[in-house]
Amino acid sequence: MNAAKKLASAIALAAVVATPALAGPDDDNLMINEELNMVTETAAPAHLQDAFDTIYSGWRFRTDETQALQIDDFENPAMIFVDQALEYFETVDGTEGKSCSSCHEDGPEQFAGLSATMPKVIGGKLTTMEDLLNAHRAKAMGAEPWKWSGPEMQAMVALIGLQSRGMPMNVAIDGEAAPFWEKGKEMYYTRYGQLELSCANCHEDSYGMMIRADHLSQGQINGFPTYRLKQAKLISKHNRFRGCIRDTRAHTFAEGSDEFRALELYVASRSNGLSVETPAVRQ
């Protein structure tokens with residue numbers, strides 16, 4: 001590493017490490033609509049126990065004002081997009097003259113539990129929710145694919161995810177999933193960019209500390225797609241991955257790439273045991 005890179009890396013790490021943790025994780029309890037009690041703190045899954053004893057939802061690191069938006073669905077701005085997805089579910093599209101409900105007559109409720117297990121290996125391929133939706137559009141409806149982080153896609157991912165809200169994350173990492181999980185783990189600990197930072201530098205070594213006027217969480221994705229106040233829309237997992245790697249001043253991977261699929265599996269497995277919060281609200 002040359003002197004300029006060393007200096008840049010030192011400055012970046014100082015911004016993360018030197019500022020003390022001020023507000024996270026807090027001790028607040030997440031109960032949605034006064035009836036659905038969410039697990040936001042639990043023992044770390046076995047594969048993480050060398051790093052953590054306990055894992056925390058990103059909700060526990062947010063300000064009281066942001067937390068309040070997720071407690072009540074009437075206040076949650078993401079629910080606007082869920083309502084839109086209900087319309088998409090009934091909308092005929094494509095050459096086959098079908099809608100989602102043409103095949104799934106029982107409605108989105110029949111997908112309860114699915115998001116808690118995603119991504120998973122199907123037919124030898126590591127498959128995300130976005131893959132499933134576009135496959136359905138192509139094969140059953142004869143419709144054009146939705147853009148990965150487009151508003152229609154992420155609204156539908158949120159609607160399907162909502163059916164699993166409150167259920168524990170339970171992503172498989174063994175069997176056929178093992179090589180993909182290992183690839184994702186390698187990515188998580190790889191330093192990228194001019195700043196030479198890995199995912200773990202922020203979300204494992206420095207969680208709870210300040211960076212750019214916000215608190216670093218453990219980087220859990222059990223609430224995605226999440227409504228991000230900064231961008232005023234639903235943000236996909238891969239959009240967030242791309243932004244983080246870009247912030248290291250590196251050339252990043254594409255949304256939907258094999259690299260990000262593997263990273264999604266690994267990061268999702270770090271949430272095993274926490275409740276699905278989709279759609280969450282973050283700063």
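Where is G113 found? In this predicted model, G113 sits in the loop between helix 4 (100–103) and strand 5 (120–122). Leaving aside residues up to four places away in sequence, G113 touches Q163, S164 and M167. F61 is another story: 52 residues separate it from G113 along the chain, and the two C-alpha atoms are 26 Å apart.

Next come the helix pairs. Two packed helices are described by the angle between their axes and the distance between the axes. For helix 5 (residues 129–141) and helix 6 (residues 151–162), the angle is about 110° and the axes lie 10 Å apart. That makes helix 5 roughly perpendicular to helix 6, since angles of 65 to 115 degrees count that way. On the helix 5 side, the contact is made by M129, E130, L133 and N134, and helix 6 answers with M153, Q154, M156, V157 and I160. Sorted by class, the residues of this contact come out as 6 nonpolar, 2 polar and 1 charged.

Some of these residues turn up again around the second largest pocket, which holds about 190 Å³ of space. Its lining is made up of F89, C100, H104, F111, L114, M129, L132, L133, H136, M156 and I160. Helix 5 and helix 6 each put at least two residues into that lining, and helix 5 gives the largest share, with 4 residues. In terms of chemistry, the pocket lining has 9 nonpolar and 2 polar residues, with no charged ones.

Helix 10 (residues 258–269) packs against helix 9 (residues 237–247) at an angle of about 100°, and here the axes are 10 Å apart. That angle makes helix 9 roughly perpendicular to helix 10. Helix 9 brings K237, H238, F241, R242 and I245 to the contact, while helix 10 brings F260, R261, L263, E264 and V267. Split by class, this contact has 5 nonpolar, 1 polar and 4 charged residues.

Helix 10 also packs with helix 7 (residues 178–188), this time at about 90° and with 7 Å between the axes. Helix 7 and helix 10 are therefore roughly perpendicular to each other as well. The helix 7 residues involved are F180, W181, K183, G184, K185, M187 and Y188, and they meet D258, E259, F260, A262, L263, L265, Y266, V267 and S269 of helix 10. The tally for this contact is 10 nonpolar, 2 polar and 4 charged residues. F260, L263 and V267 of helix 10 are named in the contact with helix 9 and again in the contact with helix 7.

On to the strands. Strands of a sheet pair through backbone hydrogen bonds, either parallel or antiparallel. An open sheet is formed by 3 strands in the order 10-9-11, and its pairing is mixed. Strand 10 (233–235) and strand 11 (281–282) are the edge strands, each with a single partner strand, so one side of each has no neighbour in the sheet. Strand 9 (residues 226–228) pairs with strand 11 in the parallel sense over 2 bridges. Within that pairing, Y227 has V281 of strand 11 as its bridge partner.

A few backbone oddities are worth a look. Most residues other than glycine have a negative phi, and most peptide bonds are trans. Against that background, F224 and P225 are joined by a cis peptide bond with omega of about 0°. P225 lies in the loop between strand 8 (214–215) and strand 9. A cis bond also runs from T278 to P279, where omega is near -5°; P279 is in the loop between helix 10 and strand 11. Then there is N33, which is not a glycine yet has a positive phi of about 55°. The loop between strand 1 (31–32) and strand 2 (36–37) is where N33 lies.

The last feature is enclosed space. Rolling a probe the size of a water molecule over the atoms shows where empty space is left. Counting cavities of 30 Å³ or more gives 1, and the largest cavity has a volume of about 130 Å³. It is lined by 15 residues, with S115, M118, F224, K237 and T278 nearest its centre. F224 and T278 have already appeared, as the residues joined in cis to P225 and P279. K237 is likewise part of the helix 9 contact with helix 10. The cavity lining as a whole divides into 8 nonpolar, 5 polar and 2 charged residues.

How values were computed:
Residues are numbered from 1 along each chain as its sequence is written. This is a predicted model: local features need pLDDT of at least 70, side-chain atom pairs count only at pLDDT 80 or more; totals for chains, interfaces and linings use all residues. Side-chain values use heavy atoms; hydrogens and water are left out. Axes are lines fitted to C-alpha atoms, for helices over the stretch in contact, and angles run from 0 to 180 degrees between N-to-C directions. Angles under 35 degrees count as roughly parallel, over 145 as roughly antiparallel, 65 to 115 as roughly perpendicular and the rest as oblique. Contact means heavy atoms within 4.5 Å. Ala, Val, Leu, Ile, Met, Phe, Trp, Tyr, Cys and Pro count as nonpolar, Asp, Glu, Lys and Arg as charged, and the others, Gly among them, as polar. On a 1 Å grid over the protein atoms alone, a cavity is a set of points where a 1.4 Å probe fits but cannot get out, and a pocket is an open set with protein on both sides within 12 Å along at least five of seven lines; lining residues have an atom within 4 Å of a point. Grid points are joined across faces, edges and corners, and a volume is the space filled by probe spheres set on the points. Two strands pair if DSSP finds at least two bridges between them.
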